[in-house]
Amino acid sequence: MAPLIQMHDPNRIDYNIVNAMPSAQHILGGDSIGRDVWSRLVWGGQDAFLGALIVMVVGIGIGVPAGIFGGFFGGMRDLSFSWISDALMSVPGMIVLLIVAGGTNGNMMILMAVMGVFMAPGYYRLTRAATIAVRNEPYVDAAKVSGVSNGRIMMGHILRVVAAPIIIQTSLTAGVALGMQAGLQFLGIGDPLAPSWGAMMSDAMNSILTNQWLMVPPAVVLGVLIASFAIMGSTLGQITGTRSEKTRRVTRADRKRLTALTRAHATDAAPASDIAVRVSGLKVTYAMSKREIEVLHGVDFEVRTGEVLGIVGESGSGKSQSVFAILDLLPGNAISRADGIWINGTNVLTIDKSQRRALLGREIAYIPQEPISNLDPMFTIGHQLTEPMRAVLGMKRRAARDYAIQLLLRVGIADPERVMKLHPHEVSGGMAQRVLIAGALAGRPKVLIADEPTTALDVTVQAEVLELLRELQAEENMALILVTHNFGVVADICDRVTVMKDGRVVEAGEVRDIFRSPANPYTRELIDASLDDAESRTELDAREAQRLEGVSA
Ligand SMILES: Nc1ncnc2c1ncn2[C@@H]1O[C@H](COP(=O)(O)OP(=O)(O)OP(=O)(O)O)[C@@H](O)[C@H]1O
């Protein structure tokens, strides 16, 4: 736009405006030899943007493909790219630029290309790290086994993931490039006649004692541009990184309104003393950017002391949301409301957060779905068992260790002392689940919530873990809430069952009665979907053989 918005020829010298302050004809005044500052500023922008563009293109062109290749294939390719990148990073870029400037007679475009080469390691490292992070994701494996070529995986799956960090890096690089270019021009490198921001700052520096104003236009333009690039980068990064509908932060005002509403709502009368947990009228809503989505629409259930309640339903029916609401573990953008949530005689909606938190581990404990990912890979199993005991139960180190060993023995781990020294990746899924069960039992809770505790385990281990849960529940006379999508599991160990669908309870009752005569068609479908009573492979083969014999006869 420079030719259109310039007000004068940027190189024309007019002695009447030497060091002149802004006026109607010269809106930013005149410089130390009488040239129009505004016109030089806008022409300087052309070179500055072109230079930044060259840096970005060269940096991305070298760094991104090398990062994706190195990260995706690993091995020697990765090693050699990393070595080159480290070598480049250890060379002082400014000195190389000064040498190149000497050799090229200060050709700014060549200098910018060299600067791009020095920016490439930044892109390389970023892209490589992002590629390594997604390389082993199951969806990349799925693409490989579906026969998608490496090239398409890199372009379609991996480039998509690395796009957001590259955009952020590019904005920051553009800012750095503008600054470096101005620095070189300030030192007198580049065409002495061409208007440039660095040369304008150099001129301003030379006449700083007589005219301080001259420093303001180029400094403000550079400062504002570099800051704008940084802001633009993070905004673009957010836009490209968000593909699903954005959730909204629940504001303090929202929280206040809802807490007041919940308290006012908590009108449920106290349940009988043998009710360990009662949930009534539970609604959970998620605040999305443009609307609120209700995922639980008034759920009711209760479990007695010493009883096993199964909550059963297909994926997405709201089982986990129900138990997270009891445990107060819903994410920040979830809003839960209920007429009452009673845990061992306390309506937890009427107590404050810290009192509610104090119930966790002692009154009510939780066994998660994926045992391995619920253990911290950084710490030994012993540490992860004993630390909560020390923090929650106030035990000394030695006592906590002895107690952990005792608990591990109780959950069927034969050599607890060895297992205590292991890290989570060194144990099997079944063993990890036993460790988590031991941890949950540590505070001798009266209520245990197990959210699909066997989903991630293989079939034989599933049966053992269920058996263990049932045993422990009976021994400690706990109330056990077992979340599952499997009616077979319900039949095995539950006393009563609550069937959920689309965020609602569709049927509830004694397991025996529901199996005998399910009132709701959805319950019937779930029972029919259970494979427990289905014919085995051998039976199917035998029946097919009989049928074929019949046909040939
Ligand atoms: N963070 C969230 N933001 C928005 N909606 C959510 C969020 N978490 C869960 N939901 C929605 O809440 C509903 C119930 O989910 P929930 O996890 O309770 O299902 P589930 O029955 O436990 O399923 P699964 O057996 O797969 O664990 C689903 O429609 C789900 O999409």
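**Notebook: ligand shell, sheet and membrane spans**

I began at the ligand: helix α11, residues 319-327, gives the most to the shell around the ligand, with three residues. The model I am reading is predicted.

I then listed the residues around the ligand. They are Y286, V295, G313, S315, G316, S317, G318, K319, S320, Q321, P331 and H485. By class, I find three nonpolar, eight polar and one charged in this shell.

Next I checked confidence. The protein chain has a mean pLDDT of 87, and 93% of its residues reach 70 or more. For the model I noted an ipTM of 0.93 and a pTM of 0.63. I keep in mind that predicted coordinates should not be read in detail where pLDDT is low.

I turned to the sheet and traced its strand order. It is an open sheet of six strands, running β7-β8-β9-β3-β10-β11, and the pairing is mixed. At the edges I find β7 (364-367) and β11 (504-510), each of which pairs on one side only. From one strand to the next, the twist averages 15°.

Within the sheet I looked at one pair in detail. Strand β3, residues 308-312, and strand β9, residues 479-484, pair in the parallel sense over five bridges. In this pair I see L309 of the sheet standing opposite I481 in β9.

I then looked for helices against the sheet. Helix α16 (residues 429-441) packs on it, touching β7 and β8 (447-451). I noted about 175° between the direction of α16 and that of β7. Helix α20 (residues 521-529) also packs on the sheet, where it touches β3, β10 (496-501) and β11. The direction of α20 makes about 105° with that of β10.

Last, I looked up the membrane annotation. An unreviewed UniProt entry places the feature "transmembrane region" at residues 48-69, 81-102, 108-126, 158-178 and 219-239. I checked two of these spans in the model. Residues 48-69 are 100% helix and 0% strand, with the end C-alpha atoms 32 Å apart. Residues 158-178 are likewise 100% helix and 0% strand, and their end C-alpha atoms lie 30 Å apart.

Notes
Residues numbered from 1 in each chain as written. Predicted model: local features only at pLDDT ≥ 70, side-chain atom pairs only at ≥ 80, totals over all residues. UniProt positions renumbered as here; feature names shortened; annotations may be inferred. Helix = DSSP H or I, 4+ residues; strand = E, 2+ residues; numbered from the N terminus. Pairing = 2+ DSSP bridges. Axes fitted to C-alpha atoms, helices over the stretch in contact; angles between N-to-C directions. Contact = placed C-beta atoms within 7 Å. Near = placed C-beta within 6 Å. Nonpolar A, V, L, I, M, F, W, Y, C, P; charged D, E, K, R; others polar. pLDDT = per-residue confidence, 0-100.
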